[in-house]
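I opened my notebook to look up a few things in a structure that is new to me. Come along and check each entry against the view.

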Amino acid sequence: AVVSTQSTGILVQLVAGILAFIFSDEAGVFARTGMQNGLRDYGVSSSLTHAVDWVQTNLKCCGVDDHQDWTKSTVAYYWVAMAGHRNDAPDSCCVDYKANCGEDRATSGFNLFEQNCYRAVYDAVLDRGMIMGLLGVGIVVIELVALLLAYKIREVTEEAVAKEKRRQERKSKRHANPYEM
């Protein structure tokens, strides 16, 4: 029963790994939707703003598709329409960061990261997904080897126990009292 449970666990892990590879295209949808939501509501909440700033700074990117996203009220609604940053990019887009370095730069793109954040996030998710998938396959292989070794140990142990039992039976027959009936 324990071996069956282990086999089922390994099978579930294997299926999960296969499904992760099959649905890796969903990473693109996840990246685009997340970044679009982040730009739309940038400046509304500090946690969302910090998250977008972190992505742009650490992945060295700007905007969903490019730096001009920060000029479009349809993309960066709060930033443009409510906060009045018509030609500004957040400072987190700046290659050389300093306070207000993104002012009047969203159209020209001067001193702003050239890579779009959609691609940067998508690549980051895929890279980590690939690593996780490969690690998962490696773990499944290790578990399979361990399971096969466990089967072999069990087989060898059962044979040794049976052999010892037969030896004990022969020994007890030899030492049996020949006068008893």
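**Entry 1: what I count as a disulfide.** I call a pair of cysteine sulfur atoms a disulfide when they lie within 2.5 Å. A reminder to myself: I am looking at a predicted model.

**Entry 2: the count.** How many disulfides does the structure hold? I found 3. Counting the bonded cysteines along the chain, I wrote down their pattern as 1-6, 2-3, 4-5.

**Entry 3: Cys61 and Cys117.** I started with this pair, whose sulfur atoms sit 2.1 Å apart in a disulfide. The link is right-handed, with 95° about the S-S bond. It ties together distant parts of the chain, 56 residues apart: Cys61 lies in the loop between helix H3 (46–58) and helix H4 (77–82), while Cys117 belongs to helix H5. Are these two cysteines buried or exposed? I use under 20% relative accessible area as the cut-off for buried. Cys61 is buried because its relative accessible area is 0%, and Cys117 is buried because its value is 0% too.

**Entry 4: Cys62 and Cys93.** Next I looked up the disulfide between Cys62 and Cys93, where the sulfur atoms are 2.1 Å apart. I noted 90° about the S-S bond and a right-handed link. Where do the two ends sit in the chain? Cys62 is in the loop between H3 and H4, and Cys93 is in the loop between H4 and H5, so I logged a link between distant parts of the chain, 31 residues apart. With a relative accessible area of 0%, Cys62 is buried. Cys93 counts as buried as well, at 0% relative accessibility.

**Entry 5: Cys94 and Cys101.** My last disulfide joins Cys94 to Cys101, with 2.1 Å from S to S. I read 115° about the S-S bond here, and the link is right-handed. Both Cys94 and Cys101 are buried.

**Entry 6: out to the surface.** After the cysteines, I went looking at a nonpolar patch. Which residues make the nonpolar surface patch of about 430 Å²? I listed Val137, Val141, Val145, Leu149 and Ile153. I picked Val145 for a further check and found it in helix H5, which runs over residues 117–174. Val145 has a relative accessible area of 44% and is therefore partly exposed, as that class lies between the 20% limit for buried and the 50% limit for exposed.

**Entry 7: a note to come back to.** Helix H5 turned up twice in my lookups: Cys117 is in H5, and Val145 is found there too.

Key. Residues numbered from 1 in each chain as written. Predicted model: local features only at pLDDT ≥ 70, side-chain atom pairs only at ≥ 80, totals over all residues. Heavy atoms only, no water. Patch = residues over 30% accessible without salt bridge, like charges linked within 9 Å, V, L, I, M, F, W, Y side chains within 5 Å. Areas by Shrake-Rupley, 256 points an atom, 1.4 Å probe, with all protein chains shown as cover. Salt bridge = Lys/Arg side-chain N within 4 Å of Asp/Glu carboxyl O. Helix = DSSP H or I, 4+ residues; strand = E, 2+ residues; numbered from the N terminus. Buried < 20%, exposed > 50% of the residue type's maximum accessible area, 1.4 Å probe, protein only.
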